[in-house]
Amino acid sequence: MRKFKSLRFLMLIALLAIAISPVAAQDDETTVTIAADDPIIIVVATDLTGPIAEFGLDIAQAVEVAVAEINDAGGIDGHQVELITEDDRCSGDEATTVANRVVSNPQVVAVVGHICSGATIAASDVYEEARIPMMSPSATAAGVTERGLDVMNRVAFRDDVQGVVDANYMYKVLGLTKIAVMHDNDSYGLGLAEVVRDTFTELGGEVVGFEGISVDDQDYRSVLTTLVPDAPEAIFFGGYVQQAVLLVPQMQDVGLGDVIFFSDDGVYGEAFIDGAGDAAEGGYASFAQTPETDPERLEAFDATYEDMFGVAPADLGPFHYHAYDSAKMILGAIESVAEAQDDGSLVIDRNALVEAVRGTADYDGLTGMLTCDEKGDCGAGSIAINLVEDGAWVAVELPADLVAPAATAEAAQ
């Protein structure tokens, strides 16, 4: 009798183990079922109250344009698309919190974002486990797509390309032989600064300083002062506009007013000119080249954007075309895998959606013809260099050997 009771107990334990096993739970979590009258939910995760809030708002609004187009055309299989906007403040910690909140909603099927590289890297680990695909319009750090995550994709260009072009432009075109490099100690700014430092040195130039700053500080004069004795011809800064608008006037304060300020896509935008004022004049920043897209398509997007939000997209940030393309690629992948049911509901398999997003090929976007590679890099186009001239950004002419889309350190030298 005791043996029989022991056997019953063991069988009960086994049944409980099967019921709560991760494999069984995962089977239920691999699909999202959307009821007949319910919307398809996607998220845009961006910075709305942090260091690049204007850039973040531009991205969020561009995604709204894409969603509005889909909904005006009848949605996907008769289902409207609902957009949830999340603010990660361009912070890894905040992005992790946002990502955990996103994945706690079982109806979310995809994410456009995040905006900053550090935030994107932090959040992507959470989405990978939940099998929620993401497409970043603006996270450019090389490490974003180098970690073997199949949910992680981006339309943005890579900093290991951007940094090579920046260094070559300073050395070959501007004729500089001695620069200092500063960065914000973040995944984005530090990674880009390292590429510029190493490439400029390989070209034969001298890097007289490699200094990190705290994004929480407001006064960088002490760091800048240490660079004065070495007389750099330029200071390259890897980071965002919030620090750049402080660095440029403070360079003048410590006697570096004649030194060229050169930066990146985190600085390129009207916010730099507005924030730095006259000190912005003569500054450089890299970004993607103007897309070789039908100008009428770009003008139509700009007009729709301004009509919806009362502001021209370029007045806020530079990544609106990238954000629009990110959203449309996500939505196209959803449409390709969604299975309509007889009762009007819609079933979306998460793993199929992850594969469909990564498998995007020959998408004719506002930023060019987009195809995702095996790592999730989907961007098109080349790097451009821009100069503040008479209070406005002006694209400068680049030599042919610096405009190849797949520029590398070897190809650029």
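# How do we know? Strands, burial and salt bridges

In this predicted model, strand E1 (residues 31-34) pairs with E13 in the antiparallel sense, over 4 bridges.

Q: What makes E1 and E13 count as paired strands?
A: Pairing takes at least two bridges between two strands. E1 and E13 have 4 bridges, so they count as paired. Valine 32, for instance, stands opposite isoleucine 348 in E13.

Q: How do you know that E12 and E13 pair as well?
A: Same kind of check: strand E12 (residues 339-340) and E13 share 2 bridges in the antiparallel sense, and at least two is what the definition asks for, so they pair. Here alanine 340 stands opposite leucine 346. The hairpin of E12 and E13 has 5 residues between the strands, and glycine 344 takes a positive phi near 90° there.

Q: Which side chains of E13 are buried, and which are not?
A: Leu346 and Ile348 point to one face and are buried, while Val347 and Asp349 point to the other and are not. In a regular strand, side chains alternate between the two faces of the sheet.

Q: Why is the contact between arginine 158 and glutamate 146 called a salt bridge?
A: The cut-off is a side-chain nitrogen of Lys or Arg within 4 Å of a carboxyl oxygen of Asp or Glu. The closest N and O atoms of arginine 158 and glutamate 146 are 2.9 Å apart, so the pair qualifies.

Q: Why is arginine 158 called buried, but glutamate 146 partly exposed?
A: Buried means under 20% relative accessible area, exposed means over 50%, and partly exposed is in between. Arginine 158 has 15%, so it is buried. Glutamate 146 has 39%, so it is partly exposed.

Q: What makes the pair of glutamate 146 and lysine 375 a link between separate parts of the chain?
A: Their side chains meet in a salt bridge (2.9 Å, N to O). Glutamate 146 lies in the loop between E5 and E6 and lysine 375 in the loop between E15 and E16, so this pair ties together parts 229 residues apart in sequence.

Q: How do you know that aspartate 377 is buried?
A: Its relative accessibility is 11%, and buried means under 20%, so aspartate 377 counts as buried. Aspartate 377 also forms a salt bridge with arginine 158 (2.8 Å, N to O).

Q: Which residues are linked in a network of salt bridges?
A: Glu146, Arg154, Arg158, Asp160, Lys375 and Asp377 are.

Notes
Residues are numbered from 1 along each chain as its sequence is written. This is a predicted model: local features need pLDDT of at least 70, side-chain atom pairs count only at pLDDT 80 or more; totals for chains, interfaces and linings use all residues. Side-chain values use heavy atoms; hydrogens and water are left out. Buried means under 20% relative accessible area, exposed over 50%, partly exposed in between (1.4 Å probe, protein chains only).
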